[in-house]
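Subject: Structure for you to look at, with notes

Dear colleague,

I am handing over the structure we spoke about, together with my notes on it. Please open it alongside this message and read the two together.

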Amino acid sequence: MLALALLVVPAGWPQTGIVAALLGVVVGQGMVNHRRTDELIDGQHQLLEATQRLHGQQLVIEQQNASLASQVEARTVELRDANMHLAAANLELLELDRFRSAMLSNASHELRTPLTGILGSAQNLRDGVAGPLAAQQREYVQMIEHDSGRLIRVVNELLDAARVESGRVQLQREPIALHRLIDDVFGLLQPAAAQRGVALQRRGDEPVVHADADKIRRVLINLLDNAIKFCRPQGLVRVSVTNVGEALSVAVEDQGPGIDAADLPHLFERFYRGRSADGTPGSGLGLAIARNLARLHGGDIALDGGSGRGSRFVLSLPRIAAA
Ligand code: ADP
């Protein structure tokens, strides 16, 4: 517009004014352009710097990645090595365990035969097979009888434990009338109960259970033997049977000292004897064997109830074997 104005305004100062204005506009525009160019160059510099920074960071990340990958690889190799060592140690332990079971079983067999001989001879002596005995002789023979009987029981328990743990026990399941089995065991333990004046009582349901009669008898003997042993003299040992749907529970209660809280976590461990065992004979194997046998049937044994009011052990069993 200013350039066109030059054509129409008269020469002289008006034209000079317009030229000056024109120059002013051109110079102003030039300065603005210059500033924009500076800004653009500045921006480009910043972009370049940022790109270089990013590139630097990318290099660092790549290095870290490479070092992480090599660390992971090293750890994987270490883990693989550790795993192999563990597997070897495990194998060794299994071997040792097999060896221990075999040792235990052999030693127990070797012990049982002479012990049975000693017990038999003592019984013969007591029965007067070798002539009448004087009172003191009779007393000694009774001690031999008592102690060898006790040793045979311990050896039998050791054999049972070794057999159950080795996994060699096969269940011979058959339908059992549980109440009859309990009455059988009552008959077996009656002399021990009578000696302490302890009464035995059974109550509750009379179910048929699909189980191995010998093994369940063993479980009941262990539980009832303890109940009689720990019950207060002249006390009551009660067995209650309850049907619970597809399962049943057999509770064995006594009127003894109960189980000390400190013994609870260890009660079913092999060779563990609790505070209540003080002075009573036993091997600490009974409950461990009983629980293993119950579990072989798909059942279990648990202690129910606190200490001080006697003990209550509950055997639970599925009535029909799981397919
Ligand atoms: P043992 O009777 O030969 O010592 P068990 O394995 O049968 O071994 O029992 C482990 C421990 O549990 C016993 O030493 C005893 O302290 C405790 N115990 C088991 N049954 C009873 C019970 N009915 N009353 C009190 N304590 C018991």
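What follows is a description of the confidence, the sheet and the ligand surroundings, in that order.

Please keep in mind that this is a predicted model, with a mean pLDDT of 91 over the chain and 98% of its residues at 70 or more. Among the elements of the chain, the lowest mean pLDDT, 70, belongs to helix α1 (residues 2-8), whereas β2 has the highest, 97, and I would ask you to read the account below with those values in mind.

The sheet is open and has 5 strands, which follow one another in the order β2-β4-β5-β7-β6 with mixed pairing. Its edges are formed by β2 (199-204) and β6 (300-303), each of which pairs on one side only. On average, and ignoring direction, neighbouring strands of this sheet are turned by 15° against each other. Helix α4 (residues 178-196) packs on the sheet, where it touches both β2 and β4 (236-244), and the direction of α4 makes about 170° with that of β2.

Within the sheet, β4 and β5 run antiparallel and are joined by 7 bridges; these two strands form a hairpin with 2 residues between them, and G245, which lies in the turn, has a positive phi of about 60°. On its other pairing, strand β5 (residues 247-253) meets strand β7 (residues 312-318), again in the antiparallel sense and over 7 bridges. If you would like a residue from which to follow these pairings, V252 in β5 is a convenient one, since V239 stands opposite V252, while the bridge partner of V252 in β7 is F313. The preceding pair to look for is A251, which stands opposite V314 in β7. As a reminder when you inspect these positions, side chains in a regular strand alternate between the two faces of the sheet.

Turning to the ligand, there are 22 residues around it, and those that come nearest are G274, A277, G282, G286 and L287. Two elements, α5 (213-230) and α6 (286-296), give two or more residues each to this shell, and the largest share, 4 residues, comes from α5. As for the character of the shell, its residues divide into 10 nonpolar, 10 polar and 2 charged.

With best regards

Key
Residues are numbered from 1 along each chain as its sequence is written. This is a predicted model: local features need pLDDT of at least 70, side-chain atom pairs count only at pLDDT 80 or more; totals for chains, interfaces and linings use all residues. A residue is near a molecule or strand if its C-beta atom, placed from the backbone, lies within 6 Å of it. Ala, Val, Leu, Ile, Met, Phe, Trp, Tyr, Cys and Pro count as nonpolar, Asp, Glu, Lys and Arg as charged, and the others, Gly among them, as polar. Two strands pair if DSSP finds at least two bridges between them. Axes are lines fitted to C-alpha atoms, for helices over the stretch in contact, and angles run from 0 to 180 degrees between N-to-C directions. Two residues are in contact if their C-beta atoms, placed from the backbone, lie within 7 Å. pLDDT is the predictor's confidence in each residue, from 0 to 100.
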